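Work through the exercises below with the structure in view. Try each task before reading its solution.

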Amino acid sequence: MSPGRISPGRSLVVHLEQELPHDMRVAIAGGGLAGLSCAKYLVDAGHTPIILERQSVLGGKVAAWKDADGDWYETGLHIFFGAYPNVLRLFQELGIEDRLQWKEHTMIFNQPTHPGTYSRFDFPNLPAPVNGITAILRNNDMLTWPEKIRFGLGLIPAIVQGQKYVERMDEYSFSEWLKKQNVPARVEDEVFIAMSKALNFIGPQEISSTVILTALNRFLQEKNGSKMAFLDGSPTERLCQPLADYVSDRGGEIRTQASLKEMLLNPDQTVRGFLIRGVDGAADEVLTADLYVSAMPVDPLKVMLPESWRQLDYFQQLQGLEGVPVINVHLWFDRKLTQVDHLLFSRSPLLSVYADMSNACREYANPDRSMLELVLAPAKDWISKSDEEIVAATMTELEKLFPDQIPQPAKLLKSKVVKTPRSVYKATPGRQKCRPSQITPIANFYLTGDYTMQRYLASMEGAVLSGKLTAQAIASAHPRSDVPDSNNSVQLPTSKPVTNAATA
Ligand SMILES: Cc1cc2nc3c(=O)[nH]c(=O)nc-3n(C[C@H](O)[C@H](O)[C@H](O)COP(=O)(O)OP(=O)(O)OC[C@H]3O[C@@H](n4cnc5c(N)ncnc54)[C@H](O)[C@@H]3O)c2cc1C
């Protein structure tokens, strides 16, 4: 047990010490990527997870559904990066790495001053950081030479001092940081509005410098860090299902439509059970386990915290974290709008990134008709608007992206809007110090989720790594003697200790 945690009381300590090593029944509330990853690494370590997911499908922010025509729609357009070692390793462990469709190593931006045209950052097949620097130097559409030089000079402290500097810059927004480093304002307008919206659904005036500098670090330091892949179908079927199968084939349990209603406590403040809300008039049910994990997003967790825990500093820090709104728009057209098989940065004030999924994703492929998936961000002024208003505004923006096709001759066949009022935590300056570790002060209670402290940002990689870290914390506190040592310790991709620094 870690020092400083609320003691589970003498009887519980004795119970744990006498019974060990045995497999721990671990109740996990939340079946997003963090909860599923935690469950996967717990079964690897010989423990028995029970996932409780509120929705009827797994996946949380990667969840997807089929409409009446059999077409998929998703919570978000999701891109995998070369700089996602834990996600890539997970795909390998599940034997599904062929499901990642890697795209050309490039970043493509729309050109607002020349509607319908693109500007590209092409990464040559050279070692990092030469490939990234070459990509930037070769692009002359977006930045002038003096602007590139001023930006390069501004980056010197981050390059020389590394991640410590990047962490310290959490007190500045990216706009403030650019000004501080004397980088011309046009660099922000041309490149970083788009990048900031893509990373956290907010603009550079709001986003913490740590977020952008961390991403730049990864993209420049790793040869394939910025290389992108699309999943070959819906994340629910192609990623969450194999994870769920892996867990249940090894003795774990996955329950959907099982919503955590309340955390029941023992007199010593440890968790006595998870109260699950009864469905369709059924009575509520108490699930008891040896250990308990919240894999819920931070917003519902904050609401559900027992009164007696709220005064603890550890839980108080969560008040500084809040999900940011975002909207995912799907538009099906009667013809092909583009042949581009990649992610595009729209550089539109309304939209962030988008892709023609009929080109980019095998299961959504259609040689004759485009299906655009577009992320609308920042979404705070749009989240309460009607789907019709959102689609109409998106179509107006598309006139600039596809001037030869929209409004004529392309016809919109149907649309689907998915709103997430509270998605990933809003990474404004000062948030790093609010991100909790996976180990809580409550002896039998852990946290997992992309918002918890791990060296990646709020992302699929962050969610998968957080799940692994939680499983690792549990496995090292409760090792099994009859499973290989490597599983008890749940190996991390690097030997570096994971500290409260978000990135290595
Ligand atoms: C529009 C959009 C685009 C994105 N694009 C990318 C991208 O391109 N690349 C990338 O890496 N990341 C992207 N992300 C971020 C990524 O999806 C998330 O970081 C990640 O999926 C979070 O996983 P999680 O398990 O931490 O949380 P979640 O996915 O939110 O999972 C939490 C789960 O808890 C469940 N839950 C909540 N309350 C209860 C309860 N009371 N009882 C039981 N269960 C409960 C929820 O239903 C949910 O399933 C995007 C997100 C969005 C919204």
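**Exercise 1. The order of a sheet**

Task: In what order do the three strands of the open sheet stand, and which strands are at the edges?

Solution. This is a predicted model. Start with the order, which is β5-β9-β6 in an open sheet of three strands. The pairing is antiparallel. Next, look at the edges: β5 (80-81) and β6 (100-102) stand there, each with a single partner strand, so one side of each has no neighbour in the sheet.

Now take one pair in detail. β5 pairs with β9 (residues 228-231) in the antiparallel sense, over two bridges. Within that pair, Phe80 stands opposite Ala229 of β9.

**Exercise 2. The shell around the ligand**

Task: Find how many residues surround the ligand, and which are the closest. Then find which helix gives the most to the shell.

Solution. Count the shell: 39 residues surround the ligand. The closest are Gly30, Gly32, Gly60, Gly76 and Ser459.

Sort the shell by class. It has 18 nonpolar, 16 polar and five charged residues.

Then trace the shell to its elements. α2 (33-44), β15 (326-333) and α17 (460-477) each supply at least two residues. α17 gives the most, with four residues.

Last, step up to the domains. Domain 1 and domain 3 each supply at least three residues of the shell.

**Exercise 3. Two helices together**

Task: Describe how α2 and α17 pack, giving the angle, the distance between axes and the handedness.

Solution. Begin with the geometry. The helices pack at an angle of about 40°, and their axes are 7 Å apart. The crossing of α2 and α17 is right-handed.

Next, list the partners. On the α2 side, the residues include Leu33, Leu36, Tyr41 and Leu42. On the α17 side, they include Met460, Val464, Lys468 and Ile474. By class, the contact has eleven nonpolar, five polar and one charged residues.

**Exercise 4. Domains in contact**

Task: Give the bounds of the domains, then state how many residues of domain 1 and of domain 2 are in contact.

Solution. Set out the bounds from the domain assignment:

- Domain 1 covers 1-100 + 231-322 + 427-504.
- Domain 2 covers 122-226.
- Domain 3 covers 325-421.

Now count the contact: 14 residues of domain 1 meet 22 residues of domain 2. Finish with the classes. The side of domain 1 that touches domain 2 has eight nonpolar, five polar and one charged residues.

Conventions. Residues are numbered from 1 along each chain as its sequence is written. This is a predicted model: local features need pLDDT of at least 70, side-chain atom pairs count only at pLDDT 80 or more; totals for chains, interfaces and linings use all residues. Two strands pair if DSSP finds at least two bridges between them. A residue is near a molecule or strand if its C-beta atom, placed from the backbone, lies within 6 Å of it. Ala, Val, Leu, Ile, Met, Phe, Trp, Tyr, Cys and Pro count as nonpolar, Asp, Glu, Lys and Arg as charged, and the others, Gly among them, as polar. Domain bounds come from an automatic or database domain assignment. Two residues are in contact if their C-beta atoms, placed from the backbone, lie within 7 Å. Axes are lines fitted to C-alpha atoms, for helices over the stretch in contact, and angles run from 0 to 180 degrees between N-to-C directions. A crossing is left-handed if the near helix is turned anticlockwise from the far one by less than a right angle, and right-handed if clockwise.
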